[in-house]
Amino acid sequence: MSLVEFKDVTRIYTNGDHELRALNGVNMTLEEGEFVVILGPSGAGKSTLLNMLGGLDSPTSGQILVEGKDISTLSANELAEYRSNKVGFVFQFYNLIPTLTVYENVALVKEISKNPFNPAKMIAEVGLSDHSKNFPSELSGGEQQRVSIARALAKNPKILLCDEPTGALDSETGVMVLKLLLSMARNYGKTIVIVTHNQNIAKMADVVIRVKNGKIKSCEKQENPLSAEEMEW
Amino acid sequence: MLIRKLFRTAWKYKAQFISMILMVAIGVGIFVGFNMEWYSLDVNTSEFFEGTNYADFRIYSETGFSEEEIERIQEIPEVEDASRVFAVNVDMKGDTDKLALFVPEKDTVSTSVLMEGTAYDADEEGFWLSGSYAKANNVACGDTLTLTYSGIEIAGKVKGLIYSAEYMVCVADENQLMPDYDNFGFVYASPQTVFGKLRMEFYPQINICSELEKNEMEDALRTALGKTTLVTSKEEHYPYAGAQSEIEEGKTMAAILPVLFLGIAILTMVTTMHRISSNEKVQIGTLKALGFKDRRILRHYTSYGLFLGVVGSVIGIALGYLVAWVVVNPNGMMGTFMDMPNWTLYVPWIGWIMVVLTIVLLTLISLLSVKKMLWGTAADALRPYQPKKVKAMKIEGTKLWEKMAFATKWNFRDVMRHKSRSFMTLFGILGCMLLLVGGLGMKDTMKGFISLIDEEVYDYNTKINIVETADNETVEQFAEKVGGDWMATSGIQLEDKTVSLEIYDVTHDMVRFIDEDNAGVTLEDDGAYICIRLAENGIKVGDTVSFSPYGEEETYSVKVAGILRSVLTENLVMTKEYAEQVGIPYHISSVFTMEAQENIKDEAFISGKQSKQALMESFDAFMEIMNIMVYILVLAAVVLGIIVLYNLGIMSYVERSRELATLKVLGFKDKQIGKILISQNVWLTVVGVIIGLPSGVGVLYVLIKALASEYELRLIMGPLTYVVSIVVTFGVSIVVGLFVARKNKKIDMVEALKGTE
């Protein structure tokens with residue numbers, strides 16, 4: 001059984017008379033432990049795809065099976081449960097709680113996750129132990145994104161979902177964050193899905209999915225992905 | 001174009017705009033309404049008094065005034081007009097009802113206002129009956145009335161139904177407090193109607209219109225008549241005094257709580273206005289970048305404040321009319337007390353000033369909060385509003401902090417970060433609590449005061465009033481027969497005040513006396529007792545005070561033996577024994593007995609009987625007027641609390657929506673997030689209640705002090721008041737919290753997580 005299976009997933013946004021087909025009959029499967037990159041231009045539907053998988057949004061029609069269970073029909077509460085235990089998010093704009101310290105932002109997940117990792121250990125792994133007591137506004141963008149990675153992983157999720165995780169960072173910091181993200185996902189054996197329009201990142205992926213106009217254009221497995229060290233940025 | 005933006009922006013912030021308009025409306029409404037109450041009473045009664053030439057002075061003579069005497073009085077230059085009057089209480093034939101009969105020699109002083117029928121005519125035979133009495137007893141114009149006075153029947157047709165300022169508060173005697181038109185009314189009659197039947201012309205009273213002071217009038221009369229006469233000024237006449245005390249009471253009520261109320265409403269507006277302009281910062285920048293001049297932008301944003309102020313004030317004034325109408329209308333509580341033709345509502349100048357000030361203030365607030373944002377370049381203005389950065393607080397190093405749940409920490413920091421919003425929330429809760437405690441406490445205090453009279457002070461069943469001509473010996477014998485105690489009351493001049501001297505003979509425990517702490521006091525025979533009001537005037541126990549009976553030269557000196565809480569009058573109390581020791585003459589005016597009213601046979605010396613129950617009922621009716629104001633205030637407090645909290649709740653929700661969305665994405669359930677939001681409300685409520693409770697008691701204390709010239713009240717707060725105030729305040733806070741928390745279900749996670757702008 002695949003970890004994730006999309007079956008003919010369609011998402012239509014309606015705004016008055018105007019109809020927007022963000023996803024139009026998407027079928028795909030993701031396997032456990034894979035590093036997946038979803039590529040596509042702006043407005044192709046890749047973020048929608050990620051949000052569906054993350055339980056932030058539900059499809060208009062079709063099924064999304066995660067570990068064999070259909071999440072497209074879950075109630076708001078069940079979806080919250082799903083988000084707290086199965087998925088971890090990393091956003092372009094970090095989305096840390098400004099009134100909580102680094103430690104508290106990560107420790108937050110203890111209140112919702114069934115089997116969380118030790119927050120202090122996660123912070124140590126992203127190299128921010130010295131900043132535990134700082135507030136997000138006192139950190140640089142790269143540091144904030146590292147906190148956000150620590151928070152996402154601390155939940156001990158099955159899948160790590162990243163929406164343009166390096167989009168707001170300069171390229172040097174972006175590479176560093178990406179390396180960290182990948183090595184941690186590998187160490188903990190997590191499936192990782194990154195949505196981006198950066199072609200370079202795709203070179204490291206096990207699977208590259210290209211999305212256009214709400215449809216999957218191609219889905220290719222890369223036998224020998226480059227490691228982060230081998231990459232030329 | 002910008003005007004369109006105004007309305008669209010108003011729509012965008014509709015929750016805030018509506019709540020701000022409501023806040024202004026309620027604040028203005030309560031303030032204007034409460035001030036309209038006393039002011040309308042003042043204007044209507046004044047017009048009534050002036051329009052009917054209500055007499056400024058009344059003088060009395062048991063033997064009657066001669067034609068020569070009235071002429072001499074009219075010759076006094078300062079006397080504008082004067083008329084001899086025959087005024088007595090008469091019986092309705094075949095009924096227990098009594099009527100106050102008023103026979104003026106001239107129809108120019110203390111005249112009447114026609115309600116129905118033909119106007120009073122001194123040359124015409126007939127009766128002009130109190131309209132209210134006529135209504136209560138189904139008497140119509142053209143009906144025949146038969147009155148009996150000293151056994152003589154006087155019959156005549158009812159020619160008209162009237163109002164009279166002379167009987168605006170129509171009571172048989174002052175102890176009745178409240179009119180009872182089922183059993184007592186008044187009637188005007190022409191001299192020939194009455195004196196024809198009585199076969200004599202007798203005028204024991206003269207009503208005088210004059211601008212003179214009372215002592216000047218006394219001197220003028222002494223010169224004119226060559227003797228000292230008993231003069232009562234209008235301030236001592238019940239209709240005038242009753243109206244004035246209602247007006248004073250109204251002023252006191254309007255001066256404290258509604259002002260607090262308006263203050264809270266305006267302060268909340270400040271925060272909301274500031275927040276809205278903060279949220280509009282980018283728009284302001286855009287307008288600036290487009291090339292709009294600062295002044296134009298200022299004018300645009302200032303118009304928000306103006307718009308809110310004007311709309312809110314207009315609704316507020318309408319609301320004020322409603323609030324004032326509840327009290328001041330002929331069919332309301334005040335209508336049962338006062339009987340007058342006009343009940344027009346007027347807004348006093350202070351109301352208009354406050355309305356203008358409110359509008360100006362709101363405009364100014366919006367001006368100032370925008371002005372700050374216009375400083376600097378368009379690029380500066382285009383940067384979105386950034387809340388202050390979070391700094392670590394001292395408490396964070398402590399172990400307690402470590403143990404706190406994240407929600408607690410989050411709320412704690414949020415409160416600290418948005419100090420003004422939190423402060424306003426606190427202020428709203430505090431205001432709600434304070435008004436509830438103050439309002440309900442006032443009711444408790446009044447209720448406690450009445451039950452004190454009922455249970456501790458008066459223990460009789462019937463009070464029998466004695467005519468002035470009765471001799472003390474007969475009355476004492478009568479009192480002994482009915483197992484009663486008696487009281488002799490008379491007006492005295494003490495220092496520069498007119499107070500009542502009450503001489504008691506209490507052997508049957510029908511009447512009791514209480515001290516400042518409401519503890520029972522047994523009157524001793526070695527001195528007089530002053531009431532709290534006199535004590536507050538600077539008279540102390542052990543002092544010797546001098547007074548002279550009304551209209552007499554004789555002066556008596558008495559030693560002050562103690563202080564008593566007086567239930568009604570401002571008085572000096574002593575025992576019969578002490579009065580006799582000092583040599584003060586007295587005349588028994590009332591007998592208190594356990595006998596039921598109907599078991600007491602009519603005697604020539606009995607002028608009337610009143611059950612304690614009837615007295616207590618009239619007390620209750622009297623207090624009802626104040627209770628209505630209290631209810632209005634309590635209702636308004638709750639509404640204000642709801643609006644303030646909802647408004648601020650929405651504001652805090654909007655400001656935190658990004659954080660809330662993040663929590664949701666992380667997997668927090670709506671319920672958990674709701675709990676976090678509500679717990680912040682609950683904390684602030686706890687603090688608000690803790691501060692609000694003593695503040696409310698403080699306000700109540702000030703209110704009671706302000707009413708001290710009318711009632712010797714003792715602050716009483718029932719346990720229910722505490723419970724209700726706390727429960728209602730928490731209820732408001734939690735219900736509003738739930739309403740706001742419900743909104744987080746609608747948060748669009750995807751939308752909220754997009755870029756910072």
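Which residue is the bridge partner of Val85(B) in strand 9 of chain B? Select Val85(B) and look across to strand 9: the partner there is Gln205(B). Keep in mind on this tour that the model is predicted.

**Stop 1: strand 2 of chain B and its neighbours**

Now widen the selection to strand 2 of chain B, residues 79-92, and add strand 9, residues 205-210. The two pair in the antiparallel sense, with six bridges between them.

Next, bring in strand 3 of chain B, residues 98-104. Strand 3 also runs antiparallel to strand 2, and seven bridges join the two. For a landmark in this pairing, pick Ala87(B) and find Phe102(B) standing opposite in strand 3.

Follow the chain from strand 2 into strand 3 and you pass through a hairpin with five residues between the strands. Pause at Gly94(B) in this hairpin, where phi is positive, near 75°.

One further partner is worth displaying: strand 6 of chain B, residues 144-149. Strand 6 pairs with strand 2 in the antiparallel sense over two bridges. To find the spot, select Asp91(B), whose bridge partner in strand 6 is Thr148(B).

**Stop 2: two helices of chain B**

Hide the strands and show helix 2 of chain B, residues 14-51, together with helix 20 of chain B, residues 612-655. Their axes come within 10 Å and cross at roughly 155°. Angles over 145 degrees count as roughly antiparallel, so that is how helix 2 of chain B lies relative to helix 20 of chain B. The crossing is left-handed.

To light up the contact, show side chains on both helices. From helix 2 of chain B, choose Ala15(B), Gln16(B), Ser19(B), Leu22(B), Met23(B), Ile26(B) and Ile30(B). Facing them from helix 20 of chain B are Ala636(B), Val639(B), Leu640(B), Ile643(B), Tyr646(B), Asn647(B) and Ile650(B). Colour this contact by class and you will find eleven nonpolar and three polar residues, with no charged ones.

**Stop 3: where chain A meets chain B**

Finally, zoom out to see both chains. Their contact takes 25 residues from chain A and 21 from chain B. On the chain A side, select helix 2 (76-86) and helix 3 (102-107), each of which supplies at least two of the residues that touch chain B. Helix 2 of chain A gives the largest share of that side, six residues.

What classes do the residues on this side of chain A divide into? Colour them once more: 14 are nonpolar, six polar and five charged.

Technical notes
Residues are numbered from 1 along each chain as its sequence is written. Chains are lettered from A and ligands numbered from 1 in the order in which they are written. This is a predicted model: local features need pLDDT of at least 70, side-chain atom pairs count only at pLDDT 80 or more; totals for chains, interfaces and linings use all residues. Two strands pair if DSSP finds at least two bridges between them. Helices (H or I, at least four residues) and strands (E, at least two) are DSSP runs, numbered from the N terminus. Axes are lines fitted to C-alpha atoms, for helices over the stretch in contact, and angles run from 0 to 180 degrees between N-to-C directions. Angles under 35 degrees count as roughly parallel, over 145 as roughly antiparallel, 65 to 115 as roughly perpendicular and the rest as oblique. A crossing is left-handed if the near helix is turned anticlockwise from the far one by less than a right angle, and right-handed if clockwise. Two residues are in contact if their C-beta atoms, placed from the backbone, lie within 7 Å. Ala, Val, Leu, Ile, Met, Phe, Trp, Tyr, Cys and Pro count as nonpolar, Asp, Glu, Lys and Arg as charged, and the others, Gly among them, as polar.
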